[in-house]
Amino acid sequence: MSDNASVYLDNHATTRIDPDVFESMIPWFTDSYGNAGSGTHVMGTSARDAVESARRRVADTVGATAREIVFTSGATESVNLAIAGVVSRQPSGQCVVPVTEHVAVLDVVDQLERNGLSVCRVPVAAKDTETPGALDLNLLDEMIGAGTSLVSVMFANNEIGTVHPISAIADIVHSHGALLHVDCAQAIGNCSIDVTTSGADLASFSAHKCHGPKGVGALYVRRQQRIVRINPQVFGGGQERGLRSGTLNVPGIVGMGHACELASKRLDESIEQMTTLRAKLWDLLVDTIPGIQLNGPLLDRGVRLPNNLNVLIPGIDGSTLLAELSRTGVAASAGSACSSEQPRPSHVLLALGLSEEEVRQSIRFGLSRMTTSQEIQSASERLQAAIQSLGSA
Ligand SMILES: Cc1ncc(COP(=O)(O)O)c(C=O)c1O
């Protein structure tokens with residue numbers, strides 16, 4: 001890599017499309033552009049076959065069966081379909097969510113609350129505890145009531161990487177007769193996922209977080225052991241067994257299938273590589289930046305996403321630092337990409353008990369399986385130089 005090559009460390013926001021994934025999508029834009037709903041000609045039936053093959057690949061990656069996968073436009077839509085789809089069957093019920101969920105979850109429950117849903121928001125462990133961002137499962141158990149129809153918990157947090165114990169949470173949720181939705185947007189390619197054995201009833205996925213295309217995702221809706229019923233939120237042609245109408249995004253779906261398959265084939269190797277490089281980045285930062293602090297859980301396997309590092313650099317304004325880093329070709333972020341257009345202090349870091357000033361001094365790095373050791377070295381050097389230039393400005 002050349003000295004001034006750009007370094008992309010914002011992989012929680014989105015990932016680079018894998019060149020093989022991109023290749024696999026091209027024919028579905030160019031020669032084979034049929035509508036997967038057209039059953040009267042080969043262009044249509046071959047598109048339908050490609051969609052069904054992608055459905056099997058996505059299902060295999062997450063431990064589901066193909067008929068449990070509904071294609072959507074991304075995790076935001078999947079989350080909305082899951083939550084509104086359950087709640088609309090029982091509008092006066094209650095929904096339980098941790099306060100550190102992604103806005104895709106928090107905003108839809110806020111909206112449903114305005115229409116009469118009762119919402120219970122669960123706090124998480126603070127910054128000075130063993131696992132910041134973790135749920136107290138006894139408290140969760142207490143907060144789920146007789147009227148609770150749905151609990152929604154993310155598999156792993158997109159800002160601080162806390163991984164939640166989904167099987168244990170599912171047991172608690174089911175003991176109250178409620179359903180569990182798991183937002184897995186950050187998990188594919190970074191964690192081993194098995195929706196069936198973990199007990200999730202619904203789970204949301206996004207292709208662009210695992211080297212697939214943007215604008216395509218999936219919702220898992222359990223049909224094995226028990227059938228989970230949701231109401232559709234988009235109406236029209238009745239595609240996706242009536243759960244999500246609209247002409248299918250065939251190239252995107254093919255790309256998602258391919259991206260999921262690659263993610264699962266390379267999972268062990270990717271976790272190993274990202275864990276090593278993340279440790280290298282942290283070690284380099286600790287050695288060179290006085291007072292730097294880790295936001296979120298320790299960098300242990302299974303407790304934190306292997307690709308996540310969120311740090312607090314005392315005395316340095318995060319957004320000024322990110323702008324300086326960007327000028328030198330390093331892409332990092334302050335937190336969720338969805339909130340960077342309307343800067344608000346991170347609700348996740350605030351929930352851990354950081355002050356607004358500490359939140360402003362925090363930045364997030366997200367690695368991917370494509371991140372190299374040289375990139376980590378170079379990013380840490382540019383970060384150090386950026387901090388020095390800001391300090392002397
Ligand atoms: C945890 C989580 N949920 C949901 C989403 C939304 O995903 P999408 O961009 O596919 O709509 C994101 C995106 O950052 C995320 O990190």
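**Reading strands, cores and a ligand shell**

Modeller: Let's start with a pair of strands: β7 and strand β8 (residues 217-221) pair in the antiparallel sense over 5 bridges. Keep in mind that this is a predicted model.

Biologist: OK, what holds strands of a sheet together in general?

Modeller: Backbone hydrogen bonds do the pairing, and the strands can run parallel or antiparallel. Here, Phe 205 stands opposite Ala 218 in β8.

Biologist: And how many bridges join strand β6 to β7?

Modeller: There are 3, and strand β6 (residues 179-183) runs parallel to β7. In that pairing, Val 182 sits opposite Ala 203 of β7.

Biologist: Which residues lie on each side of β7?

Modeller: The general idea is that side chains in a regular strand alternate between the two faces of the sheet. In β7, Leu 202, Ser 204 and Ser 206 are on one side, with Ala 203 and Phe 205 on the other, and all of these are buried. That fits the count for strand β7 (residues 202-206), where 5 of its 5 residues are buried.

Biologist: What about β3 and β4, do they run parallel or antiparallel?

Modeller: Parallel: strand β3 (residues 94-98) and strand β4 (residues 118-122) are joined by 5 bridges. Val 96, for one, faces Cys 120 in β4. Add helix α4 (residues 103-114), and β3, α4 and β4 make a right-handed β-α-β unit.

Biologist: Which strands stand at the edges of the open sheet β9-β10-β12?

Modeller: That sheet has 3 strands with antiparallel pairing. β9 (293-294) and β12 (362-366) are the edge strands; each has a single partner, so one side of each is left without a neighbour in the sheet. β9 meets strand β10 (residues 308-312) through 2 bridges, and Gln 293 has Leu 312 as its bridge partner in β10.

Biologist: Now the interior. Which residues touch the most other members of the largest nonpolar core?

Modeller: Nonpolar side chains tend to be buried together in soluble globular proteins. The largest core here has 77 residues, and Ile 83 and Tyr 220 touch the most other members. A second, separate core of 27 residues includes Val 7, Ile 271, Leu 285 and Leu 322. Going back to Tyr 220, its contacts beyond four places in sequence include Val 62, Ile 69, Val 195 and Leu 202.

Biologist: Last one: which residues come nearest to the ligand?

Modeller: Out of 15 around the ligand, they are Gly 74, Ala 75, Thr 76, Asn 158 and Ser 206. Helix α3 (residues 75-87) gives the most to this shell, with 3 residues. By class, the shell has 7 nonpolar, 7 polar and 1 charged residues.

Key:
Residues numbered from 1 in each chain as written. Predicted model: local features only at pLDDT ≥ 70, side-chain atom pairs only at ≥ 80, totals over all residues. Near = placed C-beta within 6 Å. Helix = DSSP H or I, 4+ residues; strand = E, 2+ residues; numbered from the N terminus. Nonpolar A, V, L, I, M, F, W, Y, C, P; charged D, E, K, R; others polar. Core = buried A, V, L, I, M, F, W, Y, C linked by C-beta atoms within 7 Å. Buried ≥ 20, exposed ≤ 12 C-beta atoms within 10 Å, placed from the backbone. Contact = placed C-beta atoms within 7 Å. Pairing = 2+ DSSP bridges. Right-handed = clockwise from strand over helix to strand, strands pointing away.
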